[in-house]
Structure formats: structure tokens, C-alpha cells
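Biologist: Hello! Could you walk me through this one, a question at a time?

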Amino acid sequence: MIGLLLAAALAGAPLTLDAALQSGLAANPELRQAELDVKRADLALQGAAGEKLTYAADLSVGDGYGASGLAGWSPLGATSIVPGSGQIPTANATLAARMPLFTGFRLERTIDQAKVGVDAAHWQLEQRRQDLIWRITQAYWQAQRAELHVAIATRARDQAGQARDVVLQSKAIGRANASEADRAEVGLLNQEAELLRAQDERLETREALARLAHQPPDAALSDPTPPANPIPAPAEATQRAEASRPDLLLLEANARATGFAWEASQADRWPQVALEGAYQHGNNPFDPVAQSRLVLSSLSGNAYARVNLSYRLFDNGAIARTIEARRLERDQALEAGRVLREQVQADVRQALARVASARKRVALGERSVALARKNQTYLENRFKFGYALLTELNEARVNLVTSENQRADAAIRRARRWTRGP
């Protein structure tokens, strides 16, 4: 619903990258599922904290009929009937509470593990959010790239059409032959085919962007303005990446959780001490001769309190095996964190190198396009007056199209790499 409202608000305005990200993040079902996981983690934390004191209240009301002394033995061994029956109404209320005094630090580590579980759920949400941002960004710049290719192919088609018209005019006055006219027509058809291919690419990229951003596929895109921010130093980029990469922070949170689980598993080596108490108020439900009129007058209260002490003397090594299993899980999580941290550092180095390379390619593309356009303009003028061949003009046009496509690809690659960040 939010995505539809954003789409309606942006109707008629060019779709920017920020607008695509806002609508895509607002309507994505994966993010809503991750938000529900965060709420479940919060409930788990509340449940772990609630183990510090557990209590329950019960109320029981009933009515029945009972009899006692139905059969017995007399001193002479004969069976006798001892009458004792009546209505048995019952009313009882019980309040019980239990407070652990010492659990071998199991309770404390369980609460710590639940807290880390909340952090992990938040980082899981952030990881899905970052993945979605990256996918939308990729789709957006792919669509921008397709738009540039269509514009370049359109200009090339128009230029090929103009060259074909010049050749046909030259043929009409006898300055060109049929073979040159056919070559000009073939050049125009080839450019038409390139334009159709670029339009198909634009259609595919638009559909991909529409699915992710929840926008109509025919929405007009804003003019591509790739950012040209300064490249940070490697140390600064690495520090930023390690502090903000949700996958690394999620893995570290899971490692802390396995550490708390390992510490909690050692609680079985300690004695467990708990304080229990209960209070019951009501009548005796097993008195068969109680009458309903005596229910209220026969109510009584009973209370008890006790301290439970338990200790596992022998378990055939089960506790030791459980502790060792939890320790191995913790060590595996720590190793996975170290591996991912090294991968993050390598990703930073590669990202910085690719951004620098893309900027160099953009600069080379600008020079190449300027020279190719200058050469094409020169040959177009010579071709109109019959001083250049059609093949020379076609070669210049192909060079210009190639240079423009390379410059567009380099600019989009620079934008994609920078948007993703180190």
C-alpha cells in the first residue's frame, strides 16, 4: 500500500534512484518477514528474563457426588457396609511461585544469549535491507545503461539514414553506383537491428526494475548523474566496511550467542538451588460427606515453602559431551567471523581498485568520444562533396558508437561500484 502511494505521488515525475529505493523498501515482503523475526527475538528475550521469577494462579470450582466406606471388614472377617455419601462441592484457589537462587549462571547466560539474539535479528533485517538496496541499485543503473544504449543506437540509426539519403541523391545524379547504395542501405538496416536490440534490453531492464521498486515499467527515469565523490583511503574504507557490513556484524553476533550457549551448558556442573512456595485456599475435595451448605464454612488455607537443591552426580559423560559440542560451535563461529573479515578486507581493496579503474575508463571514454565525433563530422562533410568514401564514413560512425557505448558503460560501472560502496 505504501509503495502504491509513493508511486502515485511520483507519477509524472522522473524516477530517481532514491525514489526507487523508498518504494522498493516500503513494499518488500522479505523485509516485513525480517521485522517479524525481530519481534520474535524480543519475545524470546522477555521469556528468558521471565525465568527469574515464575508464578502461577489456579482456580478450581466443581460439584459432584461421592461415597466412602462402601466395603470394609468387621473384626469377625465379615463384610460390612459403612454408609458415607453426599454431595461434594469444591472450591480451591492456588498461588505458586518459584525463584531460582543459583543456576550455575545458566539463567544469566541464557538472558545474554537472548539479548544477542535480538541484535542478530536486527542485523539480519539490515542485511536483507542492504541486499535489496544493492539489487534495486543494480537494476536502476542497468535500466539507465539501457536508456543510454537506446539513445546512442537512435543517433547512429539517424546518421546511417542521413548517409543513405546522401548516397541515393548521389546515385540520382550519377556520382554513386548501385553497389554504394546497397552498402548504405545495409548500414542503415544494421543500425536498425542494433536499435531493436537496445530497445529489447531496455524493456528487460525496465521490467526488472519495476518488480524490485514496485514502479510501473514505463516510468520515466531521471537523467543519469553518477556520483563522483572522492575515493576514501584504504584504511578508512576498511574501517567503514567492518563497522557497517551487516553480514559481518550478524556473524559476530551469532559467535557471541554460541559463546553464551557454551557458558550456559557448563551450569550442569554446578548444583541448582531454587526457592518454591505455594498457598492454597479452599475446602477438601475428598470429603465425601461435605454438604453444599457447609462449603463456605469449611474453607481453609494452606501454605508451604521449600528450598530445592539438585546436583547431577553421574551422567555417563553427557554433560561433558554437551559442553564440548557447544565449545566447538563457538570455535566454528569465531573462525567463520575471521574468514569473513578477511573477505571484507579483500572486497574493499577490489572495490577501490575498480572504482579507480572505472574513473580512468570514463576519462578515456570522454577523450575517445570527442575525437570520434570530430572525425565523423569531418568525414561527413567530405562525403557530402564526394571527397570521402562511404566505407570511411561508416567506419567513423562505428567508432563513435563504440566510444559512446564504452563511455556509458564506464560511467554506469563507476556509479554502481560507488553506490554499493567499499
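## Salt bridges, strands and confidence

Biologist: What is the relative accessible area of Arg-407?
Modeller: Buried means under 20% relative accessible area, exposed means over 50%, and partly exposed lies in between (1.4 Å probe, protein chains only). Arg-407 counts as partly exposed because its relative accessible area is 22%.

Biologist: Before we go on, what average pLDDT does the protein have?
Modeller: This is a predicted model, in which local features need pLDDT of at least 70 and side-chain atom pairs count only at pLDDT 80 or more, while totals for chains, interfaces and linings use all residues. Residues are numbered from 1 along each chain as its sequence is written, and side-chain values use heavy atoms, leaving out hydrogens and water. pLDDT is the predictor's confidence in each residue, from 0 to 100. Here 84% of the residues score at least 70, and the protein's average is 82.

Biologist: Over which residues does pLDDT stay under 50?
Modeller: Contact means heavy atoms within 4.5 Å. The model has 12 contacts beyond four places in sequence for the stretch you ask about. With pLDDT under 50 throughout, that stretch is residues 1–11.

Biologist: Back to Arg-407: which residue is its salt-bridge partner?
Modeller: A salt bridge is a side-chain nitrogen of Lys or Arg within 4 Å of a carboxyl oxygen of Asp or Glu. For Arg-407 and its partner, the closest N and O atoms are 3.4 Å apart. Arg-407 lies in helix α9 (residues 390–420) and the partner in helix α8 (residues 318–384), so the pair ties together parts 41 residues apart in sequence. That partner, partly exposed at a relative accessible area of 41%, is Glu-366.

Biologist: How many salt bridges does the structure hold?
Modeller: One of them joins the side chains of Glu-30 and Arg-135, at 3.4 Å from N to O. This pair links distant parts of the chain, with Glu-30 in helix α3 (residues 29–50) and Arg-135 in helix α4 (residues 106–172), 105 residues apart. Glu-30 is partly exposed at 36% relative accessibility, and Arg-135 is partly exposed at 35%. The number of salt bridges in the structure is 29.

Biologist: Is Glu-276, the salt-bridge partner of Arg-306, buried or exposed?
Modeller: The closest N and O atoms of Arg-306 and Glu-276 are 3.0 Å apart. Arg-306 sits in strand β8 (residues 300–310) and Glu-276 in strand β7 (residues 272–282), 30 residues apart. Arg-306 is partly exposed, with a relative accessible area of 42%. With a relative accessible area of 15%, Glu-276 is buried.

Biologist: Which strands stand at the edges of the open sheet?
Modeller: Helices (H or I, at least four residues) and strands (E, at least two) are DSSP runs, numbered from the N terminus, and two strands pair if DSSP finds at least two bridges between them. The four strands of this open sheet pair antiparallel in the order β1-β6-β7-β8. Two of them have a single partner strand each, so one side of each is left without a neighbour in the sheet. Those edge strands are β1 and β8.

Biologist: How many buried residues does strand β1 have?
Modeller: Strand β1 (residues 54–62) runs antiparallel to strand β6 (residues 90–102), joined to it by nine bridges. Within this pairing, Tyr-55 stands opposite Ala-97 in β6. Strand β1 is hardly covered. Among its nine residues, the count of buried ones is zero.

Biologist: And which residue in β8 does Val-273 stand opposite?
Modeller: Strands β7 and β8 run antiparallel and are joined by 11 bridges. Opposite Val-273, in β8, stands Leu-309.
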